[in-house]
Every structure is written in C-alpha cells, then in structure tokens.
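Got the viewer open and a selection box ready? Here is a walk through the model, one stop at a time.

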Amino acid sequence: MKKCLLCGQYFISKMSILNLFSLHQKDRKSICDHCLKKFIHVPEKHCPICSGSSKQNQICSDCVNWQEIYGEKLLINHSVYLYNRAFHDLMVNYKRYGDYILYAALQELCFKELSEFKADVYVPVPTSPEHIAKRQFDTITALYGSLVPLTNMLGKKAGLGAQGEKNRAERLTSEQSFFVKENFTINFQKCTVLLLDDIYTTGRTLYHARDALAKIFPNAKISSFTLCR
Ligand SMILES: [Zn+2]
Ligand SMILES: [Zn+2]
C-alpha cells in the first residue's frame, strides 16, 4: 500500500510487466488513479509551436503575437498537460506553500515524456533569489534535477517580482531578467538545449530565457519543455 501524495488515500500500485523491470518507474508511483485522472494531457491536436490549444493543429493566437516580435525564430515548446484546476492546486501547494515532497508527484507526471526529448544540455529556468530564500528550495531544480543532468547556466536578477503574481498584460511586458552566468565558458554553440520550466503561460518567461542564451550562444538549437500549457 502507498499513500497518495495528493489526496492522502492509501492505494495499491498496479504493476505491469514493464514496471517489474524498471525500478525507477515503480518507485515513482505516488499518485492514486483517482487523482491521476484529474490531469489532462495536451490533446493530439494542438499548436505545433507551443503545445497550446488549437483545434486544427494551427498556430495559436499567442504564437501569432510572438511571430510579430520574433518572425521565424519562434520557440518550440513541448508541454505535457493542460493547466487545469488540478494542476493549479498542485502548483499552489508546491510553490506557494513550499511543499517540497510534491516534487515526486510532479516527476511522476512528466518523467516519461521528458525522457523522449534528448538534448545535449538541460537548462532549468531559474527561480528568483527571493523565492528560493522563502521556500528553501528551487522548485524547478527539485522537479527536474534527478530526471536529467541540469546545467544551471542561467541566473535571474533579484527584485523583479515573480511572473506568477502578475496579470497577463504585466507578464507580457515584463523585462528581461535572465543572464548567462559568467563562469559558463564551455562552448555550447552547436548544442541542442532544452529549457525546463513548470508552466508555459504567456511564453514571456521562456522567450526571455531563450533570448538570454541565444545572445551568448547564437548557434545553439534551443527548445523548451514544461509540465503544463
Ligand atoms: Zn489521490
Ligand atoms: Zn502556440
């Protein structure tokens, strides 16, 4: 019997033949089937650029707006789930209330999909220094750190406030707050880089992160991965 990290109910983890040979997968079962059903995968038909909703597989209105700024240089983003009530509640507990153990539930929700994206370098989108101090942990590093090797090459300026506390217009107009740390002199020029974040909301944060990297490594192939869109 296992205790579900989300609802606290005890449940029996069903094991398939595949699970039997994969210790990792077996260990990661921390959400009961009832809770798992509340998370909705990005549907088959979605925006080919950002994974956002699009009934006809056409480019979504958010990406059309980004096209006006970036032209052809749009950021390809892969998201696993749609941002719904279940995700909202989970993220509030994880981020606002600093419930560290929920990283295991988040990992369970995305480790399979993440393993399908092979990159040379995995770069977490940094949390502001104030938030790390408040929660005592970096939410993105805790989530992805044991799934893929992370290269913490991006820094975030202090004192600019969190995107999560802003409305849509404020998010879209927020200034660049990321920079590449100076000690990263390794040549990432021709690498494939996967930026990692939790939620793709307007795309502003991930475009800023991409821009900061692309300025220093203009030939790197940069895309992004987030839990939700
Ligand atoms: Zn549950
Ligand atoms: Zn889109």
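**First stop: a loop residue**

Select Gln136, in the loop between helix 7 (129–135) and helix 8; helices here are DSSP runs of H or I with at least four residues, strands are E runs of at least two, and both are numbered from the N terminus. Gln136 is not a glycine, yet its phi is positive, near 75°. Its relative accessible area is 68%, so Gln136 counts as exposed (over 50% is exposed, under 20% buried, and in between partly exposed, with a 1.4 Å probe and protein chains only).

Before you move on, some housekeeping: this is a predicted model, where local features need pLDDT of at least 70 and side-chain atom pairs count only at pLDDT 80 or more, while totals for chains, interfaces and linings use all residues. Residues are numbered from 1 along each chain as its sequence is written, chains are lettered from A and ligands numbered from 1 in the order in which they are written, and side-chain values use heavy atoms, with hydrogens and water left out.

Now jump to Asn57, in the loop between helix 3 and helix 4 (61–70). Asn57 also has a positive phi, about 60°, without being a glycine. With a relative accessible area of 38%, Asn57 is partly exposed.

**Second stop: the zinc ions**

Pick ligand 1, a zinc ion, and show its protein donors: the SG atoms of Cys4, Cys7, Cys32 and Cys35, 2.3 to 2.4 Å away. Donors are N, O and S atoms within 2.8 Å of the metal (3.2 Å for Na, K and Ca), and since water is not among the atoms, sites may look incomplete. The four donor atoms of ligand 1 make angles of 106 to 114°, and the site is tetrahedral (for four donors, that takes all angles between 85 and 135 degrees). For comparison, the ideal angle for four tetrahedral donors is 109.5 degrees. Along the chain, the donors of ligand 1 are spaced C-x2-C-x24-C-x2-C. Cys4 sits in the loop between strand 1 (2–3) and strand 2 (10–11) while Cys35 is in helix 3, so this pair ties together parts that are 31 residues apart in sequence. Cys4 and Cys35 are both buried.

Next, centre on ligand 2, another zinc ion, held by the SG atoms of Cys47, Cys50, Cys60 and Cys63 at 2.2 to 2.3 Å. This site is tetrahedral as well, with angles of 102 to 115° among the four donor atoms. Here the spacing reads C-x2-C-x9-C-x2-C. Check the accessibility of two of the donors: Cys47 is buried at 1% relative accessible area, and Cys50 is buried at 0%.

**Third stop: a buried lysine**

Which loop holds Lys29? Look between helix 2 (23–27) and helix 3 (33–36). Lys29 counts as buried because its relative accessibility is 17%. Leaving aside residues up to four places away in sequence, Lys29 touches Lys2, Phe11, Ser13, Leu36 and Glu108, a contact being heavy atoms within 4.5 Å. Draw a distance from a polar atom of the Lys29 side chain to the backbone oxygen of Ile31 and you should get 3.3 Å. Then try C-alpha to C-alpha from Lys29 to Leu5: 9.6 Å in space, 24 residues apart in sequence.

**Last stop: the rings**

How many aromatic pairs does the structure hold? Eleven, counting rings of Phe, Tyr and Trp (its six-membered ring) with centres within 6.5 Å; planes under 30 degrees apart are stacked, over 60 edge-to-face, and the rest tilted. Tyr100 and Tyr103 give a tilted pair, 4.9 Å centre to centre with 40° between the planes. Tyr100 is partly exposed, at 40% relative accessible area. Add Tyr94 and Phe137 to Tyr100 and Tyr103, and you have one aromatic cluster.

Over at Tyr144 and Phe225, the ring centres are 6.2 Å apart and the planes at 80°, so this pair is edge-to-face. The pair links distant parts of the chain, 81 residues apart: Tyr144 is in helix 8 (residues 139–144) and Phe225 in strand 8 (residues 221–228). Tyr144 and Phe225 are both buried.

Finish at Tyr70, where Arg210 lies over the ring face, 5.0 Å from its centre; a charge sits over a ring if NZ of Lys or CZ of Arg is within 6 Å of the ring centre and within 35 degrees of the ring normal.

Conventions: A polar contact is a pair of N or O atoms within 3.5 Å; within protein, one must be able to donate a hydrogen and the other to accept it, and residues adjacent in sequence count only if both atoms are side-chain atoms. Four donors count as tetrahedral if all angles lie between 85 and 135 degrees; four count as square planar and six as octahedral if opposite donors are over 155 degrees apart and all others between 65 and 115; anything else is irregular.
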